[in-house]
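Biologist: Before I take any of the labels on this fold at face value, I would like to see the model and ask what stands behind them.

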Amino acid sequence: MTATQRPGLLSLDDALVRLLASATPPLDTEIIRVGDADGRVLAQNVVSALHVPPQDNSSMDGYAVRCSDLHIPGLALPVSQRIAAGSSGQTLQPGTIARIFTGAPVPPGADAIVMQEDCTVLPPVHGDTDGARVKVNTRPALGQFIRRAGEDVARGKTVLASGQRLGPAELGLAASIGMADLEVARSPRVALFSTGDELVMPGSVAPQDMPAGAIYNSNRFFLAALLRRLGCVVTDLGIVPDRRDATVQALRDAAQMHDVILTSGGVSVGEEDHIKPAVQTLGTLDLWQIAMKPGKPFAHGRIGAAHFLGLPGNPVSSFVTFLVLVRPFLLKLQGQSALAMKVIPARADFKWDRPDKRREFLRARYNPEGGLALFANQGSGVLTSAVWGDGLVDNPPGKAVEPGDTVRFILFSELLA
Ligand code: AMP
Ligand code: MG
């Protein structure tokens, strides 16, 4: 516990260690097409059975040459063959050059490519029978404009490792060594529901007809979208009323077919917060008070084989606790090895002179000068801040920030991928 932390509060780091320790057993695996594997976590090492590129090839349109034929610039030599991408040439005869195109294999004997801009095609001389002669206007360096066999991937190399999350570049690399299928962790099946009698689904009541005290359910939408981005299959169970029996029933049903039950709201300690007793009726639950802002209450437990994760109801609290706790949990369940958030140093172009005792995640965005500006209203219900921001300033407990200070910044683009 840090000196500034209130007793009874759990640090976020400690909460994360405990939560990740409970993310077992890892989900089983399945084999899917490379084209379907974006966002999934690899469950095999991918080893290349060939060199990429498979052979030396030209990186320019031009002429394949033997450097020893071209010790001075301006020599003219006959063109003995033509090699396009997809074909292969013959050994380059000394004293000749080969017309070659980008991606075409370099013929045996050639040791450099001269780009066509450095050559002049000579007009045919009367009596010529052997085709074009080309004047090479430079003295080529050995190996120039040749992409070497295996320079991207050498045969036998592990190009992707088990536990790595797949994105567009990873799929391309897997395809480049001939992989058609990949073994990945099965998608987590997640049941999602929101609690709160004040909640109304958009579309069910028009804005001008909203009863006093009602608000639209916003958490459902960003939570479902966040889950899907993490490769989860989501069952949306809608809104559960603030009643013990209804909450127990919803949890019992959800626990049947799902790996994870995720809820928002109802994890404070008010009389209308039924999550804790309801989960305890069916399984086990820890209710944590985490030293973070926004956020703080976070529930974690088990109902049968299903994991239970309960987020606070305030939208920004829900959003941020998902990103810092639920996201790594779901990736660990899928076997991902690297789970730390990527933090980048950034210059604060703002003043923050009323820091909280808890670790704060402040919504901020880059200004045109490359520093960070802070969203004016950092309230935990102000979802506008998350839309406006480029990410979160991770501010240590009790730390005031002066303009010019270096702060820790976590990009939403990193967290939402
Ligand atoms: P709770 O954690 O249930 O005490 O809720 C805290 C605050 O978040 C209350 O103001 C709720 O109205 C609000 N809230 C809870 N769930 C949602 C939701 N799904 N969408 C929008 N606001 C919510
Ligand atoms: Mg509530």
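**Sheets, helices and the labels they carry**

Modeller: This is a predicted model. One open sheet has six strands, ordered E16-E13-E17-E21-E20-E18, and the pairing within it is mixed. From one strand to the next the twist averages 15 degrees.

Biologist: What makes strand E16 and strand E18 the edge strands?

Modeller: Strand E16 (233–240) and strand E18 (284–289) each pair on one side only. Pairing here requires at least two bridges between two strands. Strand E13 (residues 189–195) and strand E17 (residues 260–264) satisfy that definition, because they pair over five bridges, in the parallel sense. Within that pair, Val-190 stands opposite Val-260 in E17.

Biologist: Which helices lie against this sheet, and how do you know that they touch the strands?

Modeller: Helix H1 (residues 12–21) lies across E18, strand E20 (297–303) and strand E21 (306–311), and runs at about 160 degrees to E18. Helix H6 (residues 315–333) packs on the sheet as well, touching E13, E17, E20 and E21, and its direction makes about 165 degrees with that of E21. The word contact is used for heavy atoms within 4.5 Å.

Biologist: Why are H3 and H6 called roughly parallel?

Modeller: The axes of helix H3 (residues 219–229) and H6 cross at roughly 20 degrees, coming within 11 Å. Angles under 35 degrees count as roughly parallel, and H3 and H6 are therefore given that description. Their crossing is right-handed.

Biologist: Which residues meet where H3 and H6 touch, and how do they divide by character?

Modeller: From H3 come Asn-219, Phe-222, Leu-223, Leu-226 and Leu-227, and they meet Pro-315, Ser-318, Phe-319, Phe-322, Leu-323 and Leu-330 in H6. The residues of this contact divide into nine nonpolar, two polar and no charged.

Biologist: What makes a residue of H3 count as buried, and which elements cover such residues?

Modeller: The cut-off for buried is under 20% relative accessible area. In H3, the buried residues are Asn-219, Arg-220, Phe-222, Leu-223, Ala-224, Leu-226 and Leu-227. Their cover includes E13, E16, E17, E21 and H6. Just after H3, Gly-231 takes a positive phi of about 85 degrees.

Biologist: Why is H4 described as oblique to H5?

Modeller: The axes of helix H4 (residues 244–257) and helix H5 (residues 275–282) come within 9 Å, and they cross at roughly 50 degrees. That angle makes H4 oblique to H5, because the roughly parallel class takes angles under 35 degrees and the roughly perpendicular class those from 65 to 115. The crossing of H4 and H5 is right-handed. Arg-244, Thr-247, Val-248, Leu-251 and Arg-252 in H4 meet a set of residues in H5, among them Ile-275, Pro-277 and Val-279. By character, the residues of the contact of H4 with H5 divide into seven nonpolar, two polar and two charged.

Biologist: What is the strand order in the open sheet that contains E7 and E8, and why do these two stand at its edges?

Modeller: The order in this open sheet of six strands is E7-E4-E6-E5-E9-E8, with mixed pairing. Strand E7 (112–115) and strand E8 (119–122) each have a single partner strand, so one side of each is left without a neighbour in the sheet. The twist in this sheet averages 40 degrees from one strand to the next. Strand E4 (residues 62–65) pairs with E7 in the antiparallel sense over four bridges, and Ala-64 stands opposite Ile-113 in E7.

Technical notes
Residues are numbered from 1 along each chain as its sequence is written. Chains are lettered from A and ligands numbered from 1 in the order in which they are written. This is a predicted model: local features need pLDDT of at least 70, side-chain atom pairs count only at pLDDT 80 or more; totals for chains, interfaces and linings use all residues. Side-chain values use heavy atoms; hydrogens and water are left out. Axes are lines fitted to C-alpha atoms, for helices over the stretch in contact, and angles run from 0 to 180 degrees between N-to-C directions. Angles under 35 degrees count as roughly parallel, over 145 as roughly antiparallel, 65 to 115 as roughly perpendicular and the rest as oblique. A crossing is left-handed if the near helix is turned anticlockwise from the far one by less than a right angle, and right-handed if clockwise. Ala, Val, Leu, Ile, Met, Phe, Trp, Tyr, Cys and Pro count as nonpolar, Asp, Glu, Lys and Arg as charged, and the others, Gly among them, as polar. Buried means under 20% relative accessible area, exposed over 50%, partly exposed in between (1.4 Å probe, protein chains only).
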